[in-house]
Amino acid sequence: RDIRGIEARAGKVNMSVAKELLRDPLLFTQYMFKMQGKQFVVSDHHRLINDVLKKVLALKLTRVIINMPPRYTKTELAVKAMMAIGLAVNPKSKFIHLSYSDNLARDNSKHVRDIVKSQWYQDLFAVKLKKDTDSKSQWDTEAGGGVYATSMKGQVIGFGAGDFEGDVFTGAMIIDDPNKLTEIFSKIIREEVNANYDTLRSRLNSEITPIIIIQQRGHKDDLSGYLLEKEPEVWHHLNLAAIKDDGTPLFPQKHTIEQLNHLNKINHYVFQTQYMQNPVNIKTGGEFWKDFDPNTHVDNIAYDPNYPVHVSIDNNVYPY
């Protein structure tokens with residue numbers, strides 16, 4: 001479950017090394033970091049994600065939602081490594097990668113392209129890029145695969161995710177943080193994201209093409225919440241809270257239990273939603289206005305011009 005078993009063979013082309021990496025996305029991620037001169041710190045939640053990703057590569061799972069706290073290395077494993085390993089499994093693989101931000105999606109796409117072009121990757125896998133393809137938003141392999149990256153509000157033209165080759169992996173639609181947290185309290189924007197998803201999913205070339213959504217929860221009606229309510233029987237849901245059921249931290253190398261309790265104390269709503277993946281109801285204004293009844297709450301009072309007039313203006317648009 002780590003890279004020590006193949007490090008001694010990593011300096012030369014070795015098919016057994018390649019086969020080991022292809023069987024295990026987490027092992028691939030560790031090796032990828034090693035080749036970049038970095039270390040990928042592995043914790044239990046990475047192994048849980050890895051088990052799901054292996055089933056996606058085997059087409060045993062085709063609709064997956066992974067909810068987990070921010071900065072817990074979800075993008076490295078479930079987005080970048082997943083696309084790089086998918087292209088190594090099948091150079092014909094076609095990926096559509098989406099996020100709330102064009103720049104974020106394109107930066108992830110660029111990182112994957114750089115991995116594929118790296119010497120260590122080329123030494124191990126027969127994946128060649130077209131020479132005339134060097135865009136962050138779209139690039140292609142000589143075998144006909146590639147990556148198209150854009151925002152949830154963008155349009156995908158002339159490109160589809162996956163294909164149909166029986167039980168062979170041919171790519172996926174991978175969505176990383178579809179909702180922008182600074183806009184999460186806007187019902188209009190949340191519904192726009194959900195509607196855009198319903199349009200973008202039409203870009204699958206086959207119904208067995210996997211869709212992977214990786215997201216820290218922001219609201220009960222974010223894209224994860226929308227899909228889990230609309231199609232609960234369709235989605236395999238991996239819900240990873242920062243504090244596990246046994247009271248220990250999910251990623252102890254990142255946060256101790258004392259640090260997590262402190263985050264909860266600072267902002268209970270943010271902690272419960274983004275860290276515990278448990279969107280709680282929050283007051284958003286208008287609670288008293290909705291209950292106002294002039295027949296009950298208004299008295300006939302004679303106006304006296306000697307009374308002072310008090311005017312209150314509340315411009316606070318952020319919930320309480």
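## Who lines the largest pocket

Two helices, α5 (74–89) and α6 (102–117), each put at least two residues into the lining of the largest pocket. Helices here are DSSP runs of H or I with at least four residues, strands are E runs of at least two, and both are numbered from the N terminus. Of the helices and strands, α5 gives the most to this lining, with 4 residues. This is a predicted model, so local features need pLDDT of at least 70 and side-chain atom pairs count only at pLDDT 80 or more, while totals for chains, interfaces and linings use all residues. Residues are numbered from 1 along each chain as its sequence is written, and side-chain values use heavy atoms, with hydrogens and water left out.

The volume of the largest pocket comes to about 400 Å³. It has 19 lining residues, and R71, K74, T75, D176 and D177 are the closest to its centre. By class, the lining splits into 8 charged, 6 polar and 5 nonpolar residues. Charged means Asp, Glu, Lys and Arg; nonpolar means Ala, Val, Leu, Ile, Met, Phe, Trp, Tyr, Cys and Pro; the others, Gly among them, go down as polar.

A word on how pockets are found: on a 1 Å grid over the protein atoms alone, a pocket is an open set of points with protein on both sides within 12 Å along at least five of seven lines, whereas a cavity is a set where a 1.4 Å probe fits but cannot get out. Lining residues have an atom within 4 Å of a point. Points are joined across faces, edges and corners, and the volume is the space filled by probe spheres set on them.

## The overall picture

Stepping back, the protein has 13 helices and 7 strands, and its C-alpha atoms fill a box of roughly 95 × 45 × 35 Å along the principal axes. Of its 320 residues, 46% count as buried, meaning under 20% relative accessible area; exposed is over 50%, and partly exposed is in between (1.4 Å probe, protein chains only).

Contacts (heavy atoms within 4.5 Å) reach well along the chain: among those with a separation of 6 or more, 74% join residues 24 or more positions apart.

## Helix α8, two-faced

Helix α8 covers residues 187–200, and its 14 residues should span 20 Å at 1.5 Å a residue; the end C-alpha atoms are 20 Å apart, so that agrees. The expected span is 1.5 Å times one less than the number of residues. Its buried residues are R190, V193, N194, N196, Y197 and L200. They take up an arc of only 160 degrees around the axis, which puts them on the same side of α8; the arc is that of the directions from the helix axis to the C-beta atoms. An α-helix has 3.6 residues a turn, so residues three or four places apart point the same way.

The buried residues of α8 pack against strands β2 (94–99), β5 (171–176) and β6 (211–215), plus helix α9 (223–230). On the face turned away from the buried side sit the exposed residues K187, I188 and T199.

## Two buried arginines

R113 belongs to helix α6 and is buried, with a relative accessible area of 7%. Beyond its neighbours within four places in sequence, R113 is in contact with L129, D134, S135, K136 and W139.

R63 lies in strand β1 and is buried too, at 8% relative accessibility. Leaving out residues up to four places away, R63 touches L204, E207, T209, P210, I211, V234, W235 and H236. The C-alpha atoms of R63 and E229 are separated by 14 Å, with their positions 166 residues apart along the chain.

## Two valines and two positive phi values

V89 is in helix α5 and is partly exposed at 38% relative accessibility. Apart from residues up to four places away, V89 touches L22 and F169. V41 lies in the loop between α3 (25–35) and α4 (44–57) and is partly exposed at 37%. With the same sequence neighbours left out, V41 touches H46, F251 and Q253.

Most residues other than glycine have a negative phi. L59, in the loop between α4 and β1 (63–67), has a positive phi near 60 degrees. Q277, in the loop between α11 (268–275) and α12 (287–291), has a positive phi near 55 degrees, and Q277 is buried at 5% relative accessible area.
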